[in-house]
Amino acid sequence: MTIAGRIERLPWTSFHTRLLVLLSLGEFFELYDLFVGGFVVAPISAFYKVSTAVAIYYNIAVFFLGAFLGAIIFTYVGDALGRRTSLILNMVIAGIGLLLTPFSPSIQVLGALRFITGLGVGPEALIVLDVLITEFFPSKIRGRALAIAYTASWTAPIVVAILAYLLIPHVYVIPGWKWLFIIGGLGILTIIPFRFLIPESPRWLESKGRVDEADRIVRDMENVAMREKGSLEEPLQVQVITSQRVRISELFSNEYRRRTVMLWIFEFLQAGVYYGFASLAPSVLASKGFTLVHTLEYSMLIYTSYFLSSLASVFIIDSQKFDRKWQVSIVMLLMGITGLAFGFAITPVEVIATGFLFGFLSNIFSNAFHQYGAELYPTRMRAFADGVQYSLSRLGNYVWLSVLPLVLAKYGAVGMYAVVFVMAVIVTLDVGILGPRASKIELEELSH
């Protein structure tokens with residue numbers, strides 16, 4: 001009777017709800033920081049007297065370079081020392097980086113601190129939500145659990161947009177844009193104590209041969225389930241392979257080669273599509289001639305769609321008729337088309353409508369791919385494999401957010417989103433042809 005088999009038969013209980021709340025707190029601040037970058041480009045450009053492209057590079061692209069390395073580093077920490085150790089350390093680094101950023105004496109120092117912040121923020125979604133939800137929740141509800149956690153976290157862009165609207169045009173002792181970083185840093189340091197309440201992954205403990213520790217955690221989960229739901233079904237028979245070390249060559253073994261190639265291509269390119277809008281929309285609006293106030297107003301309206309999108313995904317993410325494979329590939333194509341329409345948009349109504357639609361599609365896609373990428377490998381190598389492929393999205397962010405602003409400056413919004421559209425088409429074909437189906441398939445069977 002394995003730990004994984006006992007988890008698979010559990011219903012949703014207050015244990016799961018409490019866990020989701022604890023996990024979502026950290027993800028809220030990751031998303032907060034991801035969206036802050038786009039809003040402060042213009043004031044940073046003016047404050048340090050640099051071009052928009054330079055401001056985007058040091059404020060956003062370098063941040064994602066740090067996130068790329070952070071995802072790799074904390075992947076090893078998560079597999080070697082435990083998910084819990086990883087998710088505490090990464091938040092400490094992110095909080096310190098955010099607090100120091102607004103006091104940077106030069107754009108280069110700001111870039112260095114954004115890099116450090118990225119080191120901490122980079123693995124947050126990967127370890128905290130993707131991996132831990134995949135390992136704590138049974139297959140029949142794991143997609144819904146991840147979508148609910150992201151939906152709660154996706155209030156962050158709305159909060160950022162409101163704060164930006166209220167703070168950026170003004171000076172409150174220090175320029176308003178600096179308060180956005182300070183608020184984020186203080187928020188992260190406030191939630192760090194709550195991280196100690198998150199239990200270690202029992203699936204990870206079992207894969208490391210620490211069965212007694214895993215048994216205690218699962219026994220607590222079972223006691224809560226029996227108290228709230230009554231008797232439990234018999235545990236499922238799940239084969240678990242223990243391992244102390246994973247080699248990258250194993251990702252290209254006959255068993256995993258196809259999905260590894262698919263995920264690596266996907267992660268590198270999807271970053272340009274997703275963040276080509278999420279991080280650059282305010283700069284695109286400015287390039288279209290909208291004033292700072294109008295840009296902040298329109299962005300606030302557009303970014304509400306991310307929350308609504310994540311909420312909608314709760315009801316479809318576990319659909320077997322619209323499998324996660326197709327939620328990723330088909331919605332990505334629609335995002336590419338909508339992004340191109342946003343590039344052509346001229347009037348406020350066109351800008352808000354196309355931007356809102358892009359945002360609404362974005363988190364149906366994002367929630368599905370976060371679950372999809374985490375469930376395609378077994379527990380013994382999940383954090384490592386998911387970390388490597390997810391780190392490529394952060395590397396993609398660095399590359400594309402260095403290149404796309406240059407395309408925007410030279411060829412305008414239409415030229416930039418034409419590049420984004422081509423990437424979306426490649427991603428659609430990649431996942432559609434190479435990706436396996438995934439919805440409601442038992443985790444150890446799917447990831448074997």
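**Notebook: pocket, salt bridges, confidence**

**Entry 1. The largest pocket**

I began with the lining of the largest pocket, where α2 (14–39), α3 (41–48), α4 (52–80), α14 (281–287), α15 (292–313) and α18 (379–434) each supply at least two residues. I note here that the model is predicted.

Which helix gives the largest share of this lining? I found that α14 does, with four residues. I then looked up the space inside the largest pocket, and the value is about 270 Å³. The lining holds 19 residues, and those nearest the pocket centre are V41, T52, P282, S283 and A286.

How do the lining residues divide into nonpolar, polar and charged? I wrote down 13 nonpolar and six polar residues, with no charged residue in the lining of the largest pocket.

**Entry 2. Salt bridges at E222**

Having found no charged residue in that lining, I turned to charged pairs elsewhere. How many salt bridges does a search of the whole structure find? The search gives nine.

I looked up R6 from this set. Its salt bridge is with E222, and the closest N and O atoms are 2.8 Å apart. R6 sits in helix α1 (residues 3–8) and E222 in helix α12 (residues 211–229), so this pair ties together parts that are 216 residues apart in sequence.

Is R6 buried or exposed? Its relative accessibility is 7%, so R6 counts as buried. E222 has a relative accessible area of 8% and is buried as well.

I next checked R9, which also forms a salt bridge with E222; here the closest N and O atoms are 2.7 Å apart. R9 lies in the loop between α1 and α2 while E222 is in helix α12, so the two are distant parts of the chain, 213 residues apart. The relative accessible area of R9 is 13%, and because buried means under 20%, R9 is buried.

**Entry 3. R83, E135 and S201**

I moved on to another pair. R83 forms a salt bridge with E135, with 2.6 Å between the closest N and O atoms. Since R83 belongs to helix α5 (residues 83–100) and E135 to helix α7 (residues 124–136), the pair ties together parts 52 residues apart in sequence. I read 0% relative accessibility for R83, which counts as buried. E135 counts as buried too, at 0%.

Before leaving salt bridges I noted one network: R6, R9, D215, R219 and E222 are joined by salt bridges that share partners.

Which residues does S201 touch, not counting those up to four places away in sequence? I listed R83, L132, E135 and F136. Both partners of the R83–E135 salt bridge are therefore among the contacts of S201. S201 is found in the loop between α10 (176–195) and α11 (202–207). With a relative accessible area of 0%, S201 is buried.

**Entry 4. Confidence**

Last, I looked up how confident the predictor is. The protein chain averages a pLDDT of 87, and 93% of the residues score at least 70.

Where in the protein chain is confidence lowest, and where is it highest? The lowest is in helix α19 (residues 443–446), with a mean of 48, and the highest is in strand β2 (residues 174–175), at 96. I also marked residues 440–446, over which pLDDT stays under 50. For that stretch the model has 30 contacts beyond four places in sequence.

Conventions. Residues numbered from 1 in each chain as written. Predicted model: local features only at pLDDT ≥ 70, side-chain atom pairs only at ≥ 80, totals over all residues. Heavy atoms only, no water. 1 Å grid on protein atoms, 1.4 Å probe; cavity = no way out; pocket = protein on both sides within 12 Å on 5 of 7 lines; lining within 4 Å. Points joined across faces, edges and corners; volume = space filled by probe spheres on them. Nonpolar A, V, L, I, M, F, W, Y, C, P; charged D, E, K, R; others polar. Salt bridge = Lys/Arg side-chain N within 4 Å of Asp/Glu carboxyl O. Buried < 20%, exposed > 50% of the residue type's maximum accessible area, 1.4 Å probe, protein only. pLDDT = per-residue confidence, 0-100. Contact = heavy atoms within 4.5 Å.
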